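Work through the following exercises with the sequence and the model in view, and try each task before you read its solution.

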Amino acid sequence: MAYTPQDSGRHKTPRQNPSSSSQRGRGSERDVYSHSSRRAQQGEPMVDVSSYSDRRRHANTRRTRPTQVRYHDGFDPDDRAAAVDSRRSAAPRGNNYDNGNNNRSRNYNHYNNNYNNSGYRQRPKRHKHHVVRNIVCILLALLVVSCAWLTALFSHMDRTHNKVSQTTYVRTPEHAPTWNVMSSPWVTNILLIGMDQDSGGGARRSDSLILLSLDHVHNKIKMTSFLRDTYVEIPNHSRQKLNAAFAYGGAAMTMQTLENNYRIKIDMYMAVDFDSFATIINDVGGIDVTLDQGLCTEFNKNLATHFTPGKYNLKGVQALYYTRIRNYGNDYGRAQRQREVIGQLMKKLALSGPIKLTSTLNKFLPLMWTNIPANKLAGICITSLPLLFSKQQTQQIPADGTFKGETLRSAGWVEVADMEKNCTLLRQFIYETSSTN
């Protein structure tokens, strides 16, 4: 700093070297502020900036434009400020000098971790995020393609028989409990109807009734067989055998008859003629069954076979006959065999591959009746696919010990069931609750 006339009479302070530690007060601590314009007072020491120089030599920082820094103590004597990195001058300070040094050290470590040798900020690695995103996109694409493919296949099913609203048959039968009809958004009930042509060419009756329940709460597939000779109240036709409901009003009346008497929600169905059932059995490679002596006797007597007790793979007429034998095991054994065959078909179709499955369904689906829209049925199949690998559970209604057989003049031999007991058992099986609400 030059000598001026205004300084006359004052003691001239010799020029100080800011880097010399001998010229500073060592016991003093000063806060440092950037761009301070107050000039140094006589005798006040300068702040030691050697720490900045040491860090500048060892820190792996990018080159920045030098910044003129003014200290709390004022300008240095030659009116030159130390060239300090602008980030250092703006670094946060602690309450005292030591804390400020610690803060600056943390700032430098953060800086070195985020800047490369060339001084440019490193872009964070996002490779894993890209992999996850790609996998999600691929799965979504497969899901969309699968839905479109299944919707196209299911659109070939026959939906011309859904002319009567099911609600026209809503009743509360005299012999059934007065409970509310139970349903759940997590359980899908689909009634599978095996149609039988009357020998005289008259109206069809339901040869078999199996309720397929897809339980997404407990991850289970459940099948319930309703015995065809159960004595129930059919809307507008008093008490009749259950299989007569299909002859009176088709699938709509059959579903509502079951719903009225057993107090569970059923509003979707799929029906197929049993004579067409052999087509899909052949295409999946037959069914694997175990025949005991009683079944072998029936096969050998009616189909001229020579079976002995053991395991067999049945196709065509033999497979169809296996599901319809009535003279052995009564209705119970027949219903159990039907559930067994349907369970095998579901698994074999799911594991047959897209090409084989497309070929089989193109032959079989036009023979089926349903009231389920194609896109909804595709969604049910996709969401229920994991359930196929769980153990299937089965039961039949009326359950053993809950009915008695009677021969009536108006209906012949029937099964008169205790409806309250069977309603309770059915709710426990499908919804796994004993609630009567």
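**Exercise 1. Find which residues of helix 8 are buried.**

Solution. Begin with the terms: helices (H or I, at least four residues) and strands (E, at least two) are DSSP runs, numbered from the N terminus, and buried means under 20% relative accessible area, exposed over 50%, and partly exposed in between, with a 1.4 Å probe and protein chains only. The model is a predicted one, in which local features need pLDDT of at least 70 and side-chain atom pairs count only at pLDDT 80 or more, while totals for chains, interfaces and linings use all residues. Residues are numbered from 1 along each chain as its sequence is written, and side-chain values use heavy atoms, with hydrogens and water left out. Applying the cut-off to helix 8 gives Gly316, Ala319, Leu320, Tyr321, Tyr322, Thr323 and Arg324 as buried. Helix 8 spans residues 316-324, and with seven of its nine residues buried it is mostly covered.

**Exercise 2. Describe the order of the strands in the open sheet of six strands.**

Solution. Two strands pair if DSSP finds at least two bridges between them. Following the pairs across the open sheet gives the order 9-6-1-2-3-10, with mixed pairing. Strand 9 (368-370) and strand 10 (393-397) are the edge strands, since each pairs on one side only. Within the sheet, strand 2 and strand 3 are joined in the antiparallel sense over six bridges, and isoleucine 210 stands opposite serine 225 in strand 3.

**Exercise 3. Which elements supply at least two residues each to the lining of the largest cavity?**

Solution. On a 1 Å grid over the protein atoms alone, a cavity is a set of points where a 1.4 Å probe fits but cannot get out, whereas a pocket is an open set with protein on both sides within 12 Å along at least five of seven lines; lining residues have an atom within 4 Å of a point. Strand 2 (205-215), strand 3 (220-226) and helix 9 (330-350) are the elements sought, and helix 9 provides the largest share, four residues. The lining includes Asp207, Ser225 and Arg334.

**Exercise 4. Which element gives the most to the lining of the largest pocket?**

Solution. Helix 9 gives the most, with six residues. The lining has 41 residues, and among those closest to the centre of the pocket are Phe154, Met346 and Cys381.
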